[in-house]
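This report describes the packing, the ionic pairs and the surface of one protein chain. The sequence and the structure are shown first.

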Amino acid sequence: MKTKKLGFSSSGVQEFRSSDSSADIESLHTGHSSELLNSCTPELLLSSFLKAIYSSFFIIPFSFFLLFTSCIDEVRYSSDPRQHLLFSADTIAFDTLFTDVGSITGALQVYNPGDAHLLLSDVRLAGGWESPFRVNVDGQYGVQFSDVELRAGDSLYVFVEVTVPPTDADAPVEVCDSIVFTLSTGTQGRVVLTAAGWNTIPLHGVVLDADTAFAARRPYFVYDSLVVSRGTTLTLAPGTRLFFHDKAYLRVDGTLHALGTADSTVLFRGDRLDNMFSYLPYDRIPSQWGGIVFGPASKDNILLCCDVHSASFGLRFEAADTLDATPTFVLAGTVVHNVSGDGLQATLAVGTAVNCLFCNAGGHCVNLLGGHYDFVHCTLASFYGWAGGKGVALRIRNIDDEHVLYPLLGARFANCIITGRGDDEIEGTIADTGADSLDLTPYAQYAFSHSLINSTDQGNPHFADIVWESPDSTLWGEMNFRLFDHHHSVYDFHLDSLSRARGIGDPAWLPVAPLDLDGVPRDSLHVDAGCYQYLEQPAPAD
């Protein structure tokens, strides 16, 4: 293989460029280079090499630099005071935030709508370094920025965050600031920044070893876990609000008394106060926090007028140490909804639920394994709107998946609605005969009466005075209720005027539940099934 040497010949670069002799040039082409080669000393070759390096790394790039810069026009900025900026919004308003907790990032786009280049001589956060807001202008954090270029028809992004400092106030406190944009012509534009900070009582890994009462004055912010020790009672006053961070949970090994009222519920929810989309708050999305777990020794739990939602699961009662007459839980006027697992899960528990709504669970709305239960005027509705929901409205068993017996000493459902979008919203195995024809009837006690039920179990003698529905019914499922907005994840389980649950309840249960979930008196001559008594809607105003 022949190699062509670029930049050097046997005569040397210096001699080739400086020679005016045609004979020398001729000699390069006629094979007389050997004489020239012999005349080249090592010093001459080194000098030629260094000059070639100099030419390659300095002279040629510098020449290109001069050529390039000569082609660049000087940017001329408009001096016309009529030129102006456009903003994607005149206000960036953050949702209410917990104090000392940073916000999401808000975005603002600044446009130059004209055909002339503009120079922003000054962009500044009016409140300076004392402001709770933070801004990033065109990739730079700070409070003041100079000589920001905005070419004709172009735009730039400004990103904003806020952390509201704590105060002594119990109610949310608003904070405001603005970003001021000044052009080199003196023309100004301003975008307002607003947020509200809510002071909380933070709880980090708190374990309660003595009886404790939470008041409604400020929200409680559970970062990871809140544990009620065995032998200890936590009492929540009407209006108490507990906000849980991602995967945070409440564990009750002692006793929980959550004593809400119809006008002042006790709230358990996630801590995200912002929106996933403009139309969809995170509060309507499941799995925002863990859930509430009651340990095997937990007894005498009372949840009155509580709202538990958007968790990984709702209320989970672990298998009791012993199955006796001591109640595990009493639920009244309580709503458990929009959870990715089971809404209510109880194993070998003794419990009562009156005027309760268990709805839209990715698992089962109610999941019972053994125990003793009474459900009166409850609505179990399985209309989970998120991916992965495969449960039913009610799962009830006295045999687990390993064929272990869990005695079901009683499960009574009276004046209830058990429905969903499936073909059969009740599932589970209740065995009344064991191995070797062992009579398990005492451990397979259950009854349904005066209820609206979506199930195929119509020949079962444990069901009496039932209004059955199925996908083949003219009116069934969500048609029984007032509003289903799947897009916005808004569901209203008040009865529609045509609901088949109207008037099918047994008045004998009125002493137990004279009022519905909203506190509306039930009509003794027309008792509706479920947690809500039908109430005529006022006619819309003209």
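## Salt bridges

The model contains 17 salt bridges, a salt bridge being a side-chain nitrogen of Lys or Arg within 4 Å of a carboxyl oxygen of Asp or Glu. The model is predicted: local features need pLDDT of at least 70 and side-chain atom pairs count only at pLDDT 80 or more, while totals for chains, interfaces and linings use all residues. Residues are numbered from 1 along each chain as its sequence is written, and side-chain values use heavy atoms, with hydrogens and water left out.

Three of the pairs are listed below, with the distance between the closest N and O atoms.

| Basic residue | Acidic residue | Closest N and O atoms |
|---|---|---|
| Arg-124 | Asp-122 | 3.5 Å |
| Arg-251 | Glu-318 | 3.2 Å |
| Arg-395 | Glu-427 | 3.4 Å |

Burial is stated here by relative accessible area: under 20% is buried, over 50% exposed, and values in between partly exposed (1.4 Å probe, protein chains only). Arg-124 is partly exposed at 30% relative accessibility, whereas its partner Asp-122 is buried at 13%.

In the second pair, Arg-251 has a relative accessible area of 23% and is partly exposed; Glu-318, with 29%, is partly exposed as well. Arg-251 belongs to strand β18 (residues 249-252) and Glu-318 to the loop between β26 (315-317) and β27 (329-332), so this salt bridge ties together parts 67 residues apart in sequence. Helices (H or I, at least four residues) and strands (E, at least two) are DSSP runs, numbered from the N terminus.

In the third pair, Arg-395 is buried, with 18% relative accessibility, and Glu-427 is partly exposed, with 35%. Because Arg-395 lies in strand β33 (residues 394-397) and Glu-427 in strand β36 (residues 426-427), the pair ties together parts that are 32 residues apart in sequence. Both residues also belong to a network of salt bridges that links Arg-395, Arg-397, Asp-401 and Glu-427.

## Nonpolar cores and aromatic pairs

A nonpolar core is a set of buried Ala, Val, Leu, Ile, Met, Phe, Trp, Tyr and Cys residues joined through side-chain atoms within 4.5 Å. The largest such core has 60 residues, of which Phe-268, Leu-315, Phe-358, Phe-375, Leu-394, Phe-413 and Phe-448 touch the most other members. A second, separate core holds 29 residues, including Leu-118, Leu-120, Val-143 and Val-160.

Contact means heavy atoms within 4.5 Å. With residues up to four places away in sequence not counted, Phe-448 touches Leu-394, Phe-413, Ile-418, Ile-426, Ile-453, His-462, Phe-463, Ala-464 and Ile-466. His-450 is located in strand β37 (residues 447-454) and is buried at 19% relative accessibility. Among the contacts of His-450, leaving aside neighbours within four places in sequence, are Asn-415, Cys-416, Ala-464, Ile-466 and Ala-529.

The structure holds 27 aromatic pairs. Rings of Phe, Tyr and Trp (its six-membered ring) pair if their centres lie within 6.5 Å; planes under 30 degrees apart count as stacked, over 60 as edge-to-face and the rest as tilted. Phe-98 and Phe-221 form a tilted pair, at 5.0 Å centre to centre and with 35° between the planes. This pair links distant parts of the chain, since Phe-98 is in strand β2 (residues 91-98) and Phe-221 in strand β14 (residues 220-222), 123 residues apart. Phe-98 is buried at a relative accessible area of 3%, and Phe-221 is buried at 2%. Ring pairs also join Phe-358, Phe-375, Phe-413, Tyr-446, Phe-448, Phe-463 and Trp-468 into a cluster.

## Surface and overall organisation

On the surface, Leu-323, Leu-405, Leu-409 and Tyr-443 form a nonpolar patch with about 290 Å² of accessible area together. Such patches comprise residues with over 30% relative accessible area and no salt bridge, with nonpolar side chains (Val, Leu, Ile, Met, Phe, Trp, Tyr) joined within 5 Å and like charges within 9 Å. Leu-409 lies in strand β34 (residues 408-414) and is partly exposed at 38% relative accessibility.

The chain has four helices and 40 strands. Of its 542 residues, 46% are buried. The chain exposes about 26800 Å², with carbon and sulfur atoms supplying 55% of it; accessible areas come from the Shrake-Rupley method with a 1.4 Å probe, and for residues only the protein chains shown count as cover.
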